[in-house]
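Me: I've got a structure open and I'm a bit lost. Can we go through it together?
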Amino acid sequence: MKRTLVVLALAVTLTGCGVSTQQEIEMGGQYAAQINQQLPIINDPEANRYINLLGDSIARLTSRTDIPDWKFFIVDSREVNAFAVPGGYIYVNRGLIERTQRMDQLAGVLGHEIGHVIRRHSVHQMEKAQGANVGVTLACVLTNICNSQAASAAINVGGGALFAKFSRDDENEADEEGVKNVVRAGIDPHGIPEMFRILLDERASSPSSVSTWFATHPLEEDRIKQTEAQIATINPAILSGLTKDSQSFQAFKQRVRSLPPPPAPTRAGN
Ligand SMILES: [Zn+2]
């Protein structure tokens, strides 16, 4: 089945003084509604309950108490990816969950994505991009449909806003926040560099399954080293008391694995 390109034409009206929290939450809600229409989202109540419990346990302890309601979604795709939408909407692909071994690795990914929201990386990009083209680019980055010429043309019209594609500095900041976020929630931060290694190994053995992740998350060995160096500054007595895994996580992973296979890939073009 070929998914047609749905151009997200959101009326993003940005004032000179930037995006307020209120606007961030409203825009995020609109984006999330459109994403949920475009992407296959898993609606298994048990799986959704777990990822929201885990995500919320991390997000509600952060500085963004101005976001009243964080929401976590599982995208029914074998591709490895995760992304954050302003206003506290976090998406994790099924393919990423199936590649985790322990709870702290998934928590690390959530902590990192939550970090992007805390630092308002997407909001800053939207402020720079100013408007209508942002939505188009978002759809492309998230779904890979920009391989089609029509979509590429649509992107070029507005001059290459790259919403959801973060700079190396943004990634470093989100990593740093990620470590703090999971530690605050009582979870071992080693899951973050471990997950990076899993993904780098995957890139070596099966590059196509992680290409979206690497397109949107610049990841090199030095990011792993930086994260490990940050973890090394944490008091070992604190680290040793943090949670690495749980039965409920393993049950969740089994549950996700046992769901019916995802819909056929949605790429157009190629
Ligand atoms: Zn990131």
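Me: How many residues does helix α11 have, and how far does it reach from its first C-alpha to its last?
Reply: Keep in mind that this is a predicted model. Helix α11 covers residues 221-232, so 12 residues, and it reaches 17 Å, close to the 16 Å expected at 1.5 Å a residue.
Me: Ok, and which residues of α11 are buried?
Reply: They are R223, I224, T227, Q230 and I231. They sit on the same side of α11, because they cover an arc of only 125 degrees around the axis.
Me: Why would residues a few places apart point the same way?
Reply: An α-helix has 3.6 residues a turn, so residues three or four places apart end up pointing the same way.
Me: What's exposed on the other side of α11?
Reply: K225 and A232 are exposed there.
Me: And what do the buried residues of α11 pack against?
Reply: They pack against α4, α8, α9 (191-205) and α12 (236-240).
Me: New topic, the metal. Which residues coordinate the zinc ion?
Reply: H112 and H116 each use NE2, and E171 contributes OE twice, at 2.0 to 2.5 Å. In sequence, the donor residues are spaced H-x3-H-x54-E. H112 is in helix α4 (residues 103-118) and E171 is in helix α8 (residues 168-184), 59 residues apart, so the pair links distant parts of the chain.
Me: Are H112 and E171 buried or exposed?
Reply: H112 counts as buried at 4% relative accessibility, and E171 is buried with a relative accessible area of 0%.
Me: What about the geometry of the zinc site?
Reply: The site is irregular, with angles of 53 to 129 degrees among its 4 donor atoms.

Note on methods: Residues numbered from 1 in each chain as written. Predicted model: local features only at pLDDT ≥ 70, side-chain atom pairs only at ≥ 80, totals over all residues. Heavy atoms only, no water. Donors = N, O, S within 2.8 Å, 3.2 Å for Na, K, Ca; no water. Tetrahedral: all angles 85-135°; square planar, octahedral: opposite > 155°, others 65-115°. Helix = DSSP H or I, 4+ residues; strand = E, 2+ residues; numbered from the N terminus. Buried < 20%, exposed > 50% of the residue type's maximum accessible area, 1.4 Å probe, protein only. Arc of directions from axis to C-beta. Contact = heavy atoms within 4.5 Å.
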